[in-house]
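Okay, thanks everyone for coming. Let me put something up on the screen, and then I'll walk you through a couple of parts of it.

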Amino acid sequence: MKLLKFLSFILIMSSACFATAQDTEPIKQERKAGHLNNNRFKQLYQEFSSPNQYRSASGAPGPAYYQQQADYKMDIVLNDDTSVLYGTETITYTNNSPDVLEYLWVQLDQNVRASDSKTSLIEANGAAPAQQASSFVNSYMGEAFDGGFKIEYVKDRKGNNLSYTINRTMMRIDMPKVMSPGDTYSFDIKWWYNIVNHTIDRARSGYEVFDDGNKGYVIAQFFPRMAVYSDVEGWQNSQFWGRDEFALPFGDYDVSITVPADHTMDATGVLTNRKEIFSKTMMNRYNRAKQSYETPVIIVTQEEAEAASKTNVKATKTWKYKAENVRDYGFATSRRYIWDMMAVKIGEKDVMAVSLYPPEGNPLWEDYSTIVVASTLKSYSRMSFDYPYHKAISVHAKGQGMEYPMICWNYGRPDAEGQYSERVKYGMMSVIIHEVGHNYFPMIVNSDERQWTWMDEGLNTFVQYVAEQDFGEWYPDAIAPNKAYPSRRGPAKKIVNYMGGDQDFIAPIMTKGLNTYNFGANAYSKPATGLNILRETIMGRELFDHAFRTYSQRWMFKHPTPEDFFRTMEDASAVDLDWFWRAWFYSTDYTDIGVKDVKKYYVTSKMNKQVREMIKARGMKESDLPPLVYLVEEGAEDFEESMKTQTLNDVTTLQSYIMDNISPEDRAKLKNPSFFYDVTFEKPGGIPMPIIVEYTYSDGSTKRETFPAQIWRKNDKEVRKVIASEMEITKIMVDPDEETADIDTDNNAWPKRKKLGEFKSFKDKVKN
Amino acid sequence: MRFFTIFILALVLPVVMGAAIHKFYASTTKIEYVPQEQSLQIITEIFTDDIQQALSERNLREVHLDSKKQTQADVLLLKDYVFKKFVVFVNGAKQDYNYIGLQYDVDRVKLYLEIPNISSFERIEIENKILFDTFEDQQNIIHIKTPDARRSLVLDKENPKGLLNF
């Protein structure tokens with residue numbers, strides 16, 4: 001009987017917190033309706049598509065994974081006087097899919113600036129009180145510039161015309177007969193278009209006019225390109241509206257580009273007629289550059305570029321390039337270009353880091369561009385895979401930041417006197433790191449940019465942060481007087497303004513770029529910050545880096561989807577991250593965790609009031625209970641000041657148990673906590689982050705403890721934890737390093753303390 | 001071609017917009033209502049080179065900020081410009097600022113302003129035309145925080161004013 005009573009008592013005790021509430025309130029609530037599994041830790045089976053033969057559940061390419069191949073042979077001619085680009089191309093398309101293809105889709109991205117482009121029609125606007133004249137003309141007086149493709153013909157290899165249909169930025173080609181699996185089909189397209197002045201019309205590609213009248217061309221999206229056909233989309237059928245970028249198959253390129261003979265050019269691919277193009281001096285310098293691992297060697301000097309700028313010769317030169325396994329093609333050409341290069345060791349191989357810039361870029365460009373390229377290749381190769389191409393080129397073009405295989409355009413220009421601000425300098429370094437980094441994502445890890453901006457921009461911005469910090473460490477003089485590279489994105493704190501902002505203007509990351517409100521924060525900063533939080537806080541660098549490298553290597557030269565990334569990160573680390581993907585990528589939830597309440601308890605062998613009342617209500621006597629250890633809250637009725645100074649040895653029930661049951665050796669190993677804290681953590685935010693707690697003790701020392709995110713799995717609003725301590729705790733602080741993107745840190749500390757805000761601290765500083 | 005202008009409201013002042021993205025014109029202003037002090041505390045962050053360019057163009061002389069060449073007169077021009085272009089109405093009444101000071105943070109200048117004697121905070125109207133005179137695509141982003149609410153506004157040339165009720 002006694003035992004039974006005791007057992008029932010234990011049951012009561014263990015549900016004490018619920019019992020108290022139920023005892024006082026009569027149960028009158030209506031029965032609640034049932035619900036589905038809304039747990040934040042529920043697996044993503046509904047969001048993810050089923051794994052299949054093409055894409056495995058592990059996140060790796062499946063046994064039947066395939067991708068199409070598109071090879072190009074092109075002859076390109078630039079007319080520098082009229083700024084018109086002419087091209088003929090042979091596309092050889094290989095159907096590696098198990099499907100029969102009835103037609104082919106080719107992308108005509110230049111049509112985004114055709115006179116009948118619909119891009120401006122999808123932008124809502126109001127009447128502007130004032131507008132620049134050029135913008136007014138474009139808005140209301142018709143299109144002043146026609147930059148669309150002029151297709152002269154589409155023919156088969158025998159010279160017969162093929163029928164084609166242009167739907168805005170895409171062209172369907174109807175083949176005489178269907179393509180079966182394994183078939184290869186070749187056809188020719190002849191085209192031309194007016195190159196746009198990219199400094200006026202803000203294009204990703206075009207020319208700028210320098211003060212001396214010469215032009216600098218950065219040319220891309222310049223040829224009809226095959227669309228992607230894949231197991232997830234069939235033919236890519238999302239038009240180019242101007243924002244969401246490109247989805248392109250891999251292939252081999254054989255390209256000849258004819259430009260004025262006094263131009264300096266670089267482009268995607270290996271220059272195969274270097275001996276014809278280079279002077280002896282250039283060749284000597286080039287050979288020296290291949291041996292120079294510390295500093296760039298100039299191939300075309302500023303004096304030579306300036307001399308060439310005065311010539312304007314009519315003769316032409318043809319530069320010939322071959323590129324294998326690239327998904328696109330770009331080139332830059334001008335008679336005003338300075339050219340420098342250096343070698344950088346990547347794995348066993350030498351890669352050339354290259355810069356091409358007009359004198360307008362100096363003194364900034366000759367000082368930093370090429371070393372930033374080299375540094376970027378090292379960082380990215382460590383984080384993903386060894387850079388597989390033979391060179392990476394950074395071209396200086398006003399106001400540009402755009403990437404292509406092996407080549408990219410970057411901004412950052414000093415003023416007319418050669419002065420530049422910190423913003424221009426770090427803007428230039430960051431954009432070079434970013435655009436060179438795009439060689440990895442999406443040029444090699446070839447995600448679908450048209451659908452998922454974050455897959456290349458977010459991943460790339462994450463590695464960019466790592467590379468920026470590396471650069472600061474490797475080149476401290478270049479960033480002085482800063483101690484670390486002043487990265488704009490990456491650290492959790494920097495995303496708080498965005499994630500804590502107005503929910504009406506936030507879209508989940510898993511939204512097509514065109515449909516988001518806040519493209520930069522949505523597709524660049526937030527995914528980058530999320531990965532940084534996984535790396536630094538949730539998984540740790542070792543597990544994260546291995547998983548991230550696994551993803552990069554599994555999908556290099558292939559077409560991954562978001563799920564392939566999510567699955568691989570979990571599969572390679574054994575960390576279930578479904579809750580994180582759901583919160584950070586699929587929702588607009590934010591982090592807000594705090595300390596709601598702290599109760600201090602002391603231990604005694606004397607029965608406390610709660611238990612007295614409990615046994616009385618159940619008709620029990622004190623003698624019915626075995627010896628128990630009681631907790632008394634500071635300031636409660638049973639609390640005595642002496643409890644604060646006693647040790648556990650003074651608690652007779654506990655002392656007898658220890659003496660009777662624990663050997664003297666083991667007794668010595670027992671901890672001796674005298675202070676007990678019942679801490680309630682609250683979570684007003686949706687994201688279930690780990691609770692990172694820092695305890696400060698009465699002697700000023702601190703200790704940290706992390707409760708994994710799963711602590712929130714049963715109660716999404718608040719959780720309690722009892723902290724036993726040998727020393728008095730004077731302060732409890734959640735997320736002390738602000739590494740979880742907590743949008744409101746006012747509730748992060750106990751005792752409640754109004755954090756001195758940035759404004760207040762500045763005001764106090766000014767006053768003193 | 002408007003693909004840049006639709007690229008609205010990156011709330012974290014990004015310098016690099018990466019792929020296809022050009023230099024980004026934006027300022028960020030944080031306004032917090034602190035009832036205990038009955039004040040509106042304002043921090044406005046503007047890219048130093050942009051504001052320097054605007055002030056030089058407006059005043060037809062070289063204005064220097066965050067440099068040894070910076071003069072008292074330069075700082076005064078900056079202050080006057082911000083006071084003129086950034087106007088706050090609380091509960092319908094136009095407010096004056098206490099100028100607390102400014103500091104530079106890498107590539108940005110931060111101005112600290114305070115509006116005292118705000119005993120009730122129900123309605124705020126903000127006009128921020130900073131740099132609209134110089135850059136077509138300038139966006140001025142405003143974050144307002146009270147003890148119980150957070151709201152944001154994105155102001156541009158076409159909508160230089162915003163009204164929020166609390």
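I'll talk about strands, starting with chain A and then moving to chain B. One thing up front: what you're looking at is a predicted model.

So, chain A. There's an open sheet here with seven strands, and the pairing is mixed. If you want to trace the sheet in chain A, the order goes 4-7-2-1-13-17-15. Which strands sit at the edges? Those are strand 4, residues 150-156, and strand 15, residues 270-271, both in chain A, and each of them pairs on one side only.

Let's look at strand 15 of chain A for a second. Its partner is strand 17 of chain A, residues 316-326; the two run antiparallel, and two bridges join them. To find the spot, look for A:Leu271, which stands opposite A:Tyr321 in strand 17 of chain A.

Quick reminder for anyone new to this: strands of a sheet pair through backbone hydrogen bonds, and that can be parallel or antiparallel.

Chain B has both kinds around one strand, namely strand 8. Strand 8 of chain B covers residues 139-146, and is it buried or exposed? Mostly covered: six of its eight residues are buried.

With strand 1 of chain B, residues 26-34, strand 8 pairs in the parallel sense over seven bridges. With strand 9 of chain B, residues 149-156, strand 8 runs antiparallel, and eight bridges join those two. Strands 8 and 9 of chain B also form a hairpin, with two residues between them.

A handy residue to click on is B:Ile141: its bridge partners include B:Thr28 and, in strand 9 of chain B, B:Val154.

Note on methods: Residues numbered from 1 in each chain as written. Chains lettered and ligands numbered in written order. Predicted model: local features only at pLDDT ≥ 70, side-chain atom pairs only at ≥ 80, totals over all residues. Pairing = 2+ DSSP bridges. Helix = DSSP H or I, 4+ residues; strand = E, 2+ residues; numbered from the N terminus. Buried ≥ 20, exposed ≤ 12 C-beta atoms within 10 Å, placed from the backbone.
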